[in-house]
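Biologist: Please take a close look at the surroundings of the ligand in this model. Which residues are around the ligand, and where does it lie with respect to the domains?

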Amino acid sequence: ENGNGIGAKTDYKIIGIEPGAGMMKTAHQMLEEYKLEKWQLVEGSSAAMVAVLKKAIDKKEPIIVTGWSPHWMFSAFDLKYLKDPKGSFGKAENINTIVRKGLDHDAPGAYKILDQFFWETNDIESVMIEIEKGTDPVNAAEKWIAANPDKVAKWTNGAQAGNGEKINLVYVAWDTEIASTNVIAKVLEQNGYDVTMSQVEVGPMFAGIANGSADAMVAAWLPTTHQEYFNTYKNDIVDLGPNLKGTKLGLVVPDYVEINSIEDLK
Ligand code: PBE
């Protein structure tokens, strides 16, 4: 067997995340594209994936997980992406902001702030690391905002203040989206809006924006990961473009695991 017997050592299991995550779909396609019939993609949650990863690292056991950047786990552990020569996980993508139709009319200031919301990987990562250290997400968001007034001023530039209008933000409990949604929620609040955050699964997140029960989300990974959801709802949503560029997805292993490519799982 190739890959130093990685299959036998991991029981041919790849630790996945929420079944509805876009990445689970691409990971299933990856198994087909690389003809990895023996391998099983284990469903769970993002939090459980990190817990299992940490446990394996503590014991220096081999493990393979589905991973993505930005994520605090890359600063907490020594990890590497497996090479993906067939490109199953797609190229670097963006995280887009998507709002419901009519939001520009009903809450023009909030619409403008959401439209202007854009930050970099190191920004979101500093919020994620703070949350991982145990800071409450709301406080981590406040702290980042207080430390980055120039960036926030660009988002709010020219936006008229709200008058207590309700804004319902939907998000999935991925670490990236916990960080970004808390930050944008706090910025909207500071500009006069009454913001609620609703944690949902991916499908309902898109559906909620499309049917108008939710106002906005900052969590659409495009063009690959959420392509199917996007295509289903694209005529009923307003895509405001990237709030972050250059994400990455793939199979991730601790540095000590002696394989380097998905091909090594054959
Ligand atoms: N993720 C993080 C998501 C998008 C953000 C990669 C877990 C997904 O697979 O749908």
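Modeller: A residue counts as buried if 20 or more other C-beta atoms lie within 10 Å of its own, with C-beta atoms placed from the backbone. On that count, 43% of the 266 residues of the protein chain are buried in this predicted model.

The residues around the ligand are I17, A21, G22, M23, S46, W68, W174, T176, V202, W221, T225 and L249. By class, this shell holds 8 nonpolar and 4 polar residues, and no charged ones. The domain assignment splits the protein chain into domain 1 (3–91 + 249–265) and domain 2 (94–246). Both domains give residues to the shell, so the ligand lies between them.

The C-alpha centres of domain 1 and domain 2 are 28 Å apart. The two domains also touch each other: 15 residues of domain 1 are in contact with 18 residues of domain 2. On the domain 1 side of this contact, helix 2 (22–33) and helix 4 (73–76) each supply at least two residues. Helix 2 gives the largest share, 4 residues. That side of domain 1 is made up of 6 nonpolar, 7 polar and 2 charged residues.

As for the whole protein chain, its secondary structure comes to 12 helices and 9 strands. Its radius of gyration is 19 Å, close to the 18 Å from the globule rule for 266 residues, so the chain is as compact as a globular protein of that length. The C-alpha trace spans about 65 × 40 × 25 Å along its principal axes. Among contacts with a separation of 6 or more, 84% join residues 24 or more positions apart.

Notes
Residues numbered from 1 in each chain as written. Predicted model: local features only at pLDDT ≥ 70, side-chain atom pairs only at ≥ 80, totals over all residues. Near = placed C-beta within 6 Å. Nonpolar A, V, L, I, M, F, W, Y, C, P; charged D, E, K, R; others polar. Domains from an automatic or database assignment. Contact = placed C-beta atoms within 7 Å. Rg over C-alpha atoms; globule rule 2.2 N^0.38 Å. Buried ≥ 20, exposed ≤ 12 C-beta atoms within 10 Å, placed from the backbone.
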